[in-house]
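Here's a friendly walk through a structure you may not have met before. Have a look at it, then read on.

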Amino acid sequence: MSIWIVDFGSQYTQLITRKMRELGYASEIITLDDAIERFQKNLKPSALVLSGGPQSVFEDKTDYTIFFKDSSLPILGVCYGMQIMGQFFGGVVEKGVVGEYGPAKVHSLNDFNIEGCPATHDVWMSHSDHVSKLPVGFTKVLESENGLCAAIVHESKPILGLQFHPEVQHTVHGSDILRHFLVKIAKLQSDWNGDAMIKSCLDVVSRARGKKVLCAFSGGVDSLVAAMLSHQVLGNDLFCFFVDNGLLRPQDLHHIKLLKEKTPLKIEIIDAKNIFLTNLKDVADPEEKRKIIGRTFIEVFEEKVKSYALDHDIHFDFLLQGTLYPDVIESLSPHKKGGKSSTIKSHHNVGGLPERMKLQLLEPLRFLFKDEVRAMGEELGLLRDWVWRHPFPGPGIGVRVLGKVDEASVQKVQQSDQILFEELKLSQLYQSTWQAFTVLLPVKTVGVKGDGRVYEEVIALRMVNSQDGMTATVTEMPWRVLEKISVRICNEVKGVTRVVYDLTPKPPGTIEWE
């Protein structure tokens, strides 16, 4: 059994499962409706976490009795989750006159001690409502500087409520607090490590044993690890198709040719450049571009399935994809199965396939984060340069040309991106940033070239550091490197006369511009 984290829409929910896995405990994020449905089927987690969320308990009419019926079930309520618990057990939740947002200090009460955590420590608050009267059977164990209740613990049941967010980096001793819940209150044994990750993924692949599997192969760490892992089970029944959609970088095709030579994978390159560029003609809306690219991928794969059936008498049963947990979380509909989080952007590799294809999805990495996949790749013996390649979005340069996509605009991004790649490698800074790329902006600016006035386009550099893609900070690159990259792009990329550097973290921005 794993820990169920019920998502009430907090922007930090995914960080709870990240932290718990780092501490060695399996966990998964589920919607409210999924949680209720599982309890109704008499399924039970090893522990239950009620996440934070933007709504108020005064507007929530949900009956949470089913969560609290089993007095032995360990429960952690975070922010909104604590308010749900407080109200359910007879406490009073009040609307705050002044909310607590951002950094705050809390101090221990009633001899409450957490190993490794001082009596007074820094936490991250994000709430307005608060528990003003303790629920029956609970003790207040942490209090904020404002005198508000910051944490409660049940006197006999394994229940802890926190009004702050232990999962975020700003809560300095967040890991200690979560470990206290897992070990001291829930009394759980560690069950998540590299071996457990690989085993859980192999279990997913094993259902396709003896069947023909088509892999949507990009050569990035996600699809590469998914394919290499699956090859252990499937062997020659795994067919990897790499689609050249015309939206790739020069380094991508070189990398694929290298993988064809150095791995046991059967990789076939499909030239579909004209199809994609034709379908994208005159399309500027980013969501529409993503949908077109995703749909065209499916059409290309569908055609390949037909040709293999006709030419080779091979009939595929599964489609293998390198879908990761952030893809799933960010694509979650706010109205699907009780989900309360908002859709940020769609991902081309999340979701179903046309029923006419009669292919089942195989997504062994679906519940893993990027850093976990990298660790798995190293466990599988893949070269470090392959495992630590920068992420590249499925829609490719299609979402790095802002506005309408055409061959000329794609070439500007390809050429500028190649310059960025070369200079980072030459400066030995490629691994100093998690992801680096260029974006063509839909604006023109005045410049001077060869003593003459020009009116040309702008390239933005984007370099960020991240652990799993859910949050990101801007990479502080040396000025001399940025200057050289800018000079080369303006000199070598026809039609570009200005280079800017994107300083926006995630949030509020996303990593990709579209």
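## Glu423 and its partner

Glu423 counts as buried, at 3% relative accessibility. (Buried means under 20% relative accessible area, exposed over 50%, and partly exposed in between, using a 1.4 Å probe and protein chains only.) Glu423 forms a salt bridge with Lys484, with 3.5 Å between the closest N and O atoms; the term covers a side-chain nitrogen of Lys or Arg within 4 Å of a carboxyl oxygen of Asp or Glu. Lys484 sits in helix α15 and Glu423 in helix α14, so this pair ties together parts that are 61 residues apart in sequence. Lys484 itself is partly exposed, at 46% relative accessibility.

A quick word on the model: it's predicted, so local features need pLDDT of at least 70 and side-chain atom pairs count only at pLDDT 80 or more, while totals for chains, interfaces and linings use all residues. Residues are numbered from 1 along each chain as its sequence is written, and side-chain values use heavy atoms, leaving out hydrogens and water. Helices (H or I, at least four residues) and strands (E, at least two) are DSSP runs, numbered from the N terminus.

## More salt bridges

How many salt bridges does the structure hold? There are 30. Another one joins Arg488 and Glu422, whose closest N and O atoms are 3.0 Å apart. That pair also links distant parts of the chain, with Arg488 in α15, Glu422 in α14, and their positions 66 residues apart. Arg488 is buried at 18% relative accessibility, whereas Glu422 is partly exposed at 29%.

For a local example, try Asp203 and Lys199, which meet at 3.2 Å, N to O. Both lie in helix α6 (residues 194–206), 4 residues apart, or about one turn of the helix.

## The nonpolar core

Now for the inside. The largest nonpolar core (buried Ala, Val, Leu, Ile, Met, Phe, Trp, Tyr and Cys residues joined through side-chain atoms within 4.5 Å) has 47 residues, and Phe316 and Ile489 have the most contacts within it. Helix α10 gives the largest share, 7 residues.

Leaving aside residues up to four places away in sequence, Ile489 touches Ser416, Ile419, Ile459, Leu461, Val496 and Val499; contact here means heavy atoms within 4.5 Å.

## A covered helix and a hairpin

Helix α4 (residues 80–88) is largely enclosed by the rest of the structure, because 7 of its 9 residues are buried. Among them are Tyr80, Met82 and Ile84.

Strand β9 (residues 138–144) is mostly covered too, with 5 of its 7 residues buried. β9 pairs with β10 (residues 149–154) in the antiparallel sense over 5 bridges; pairing requires at least two bridges found by DSSP.
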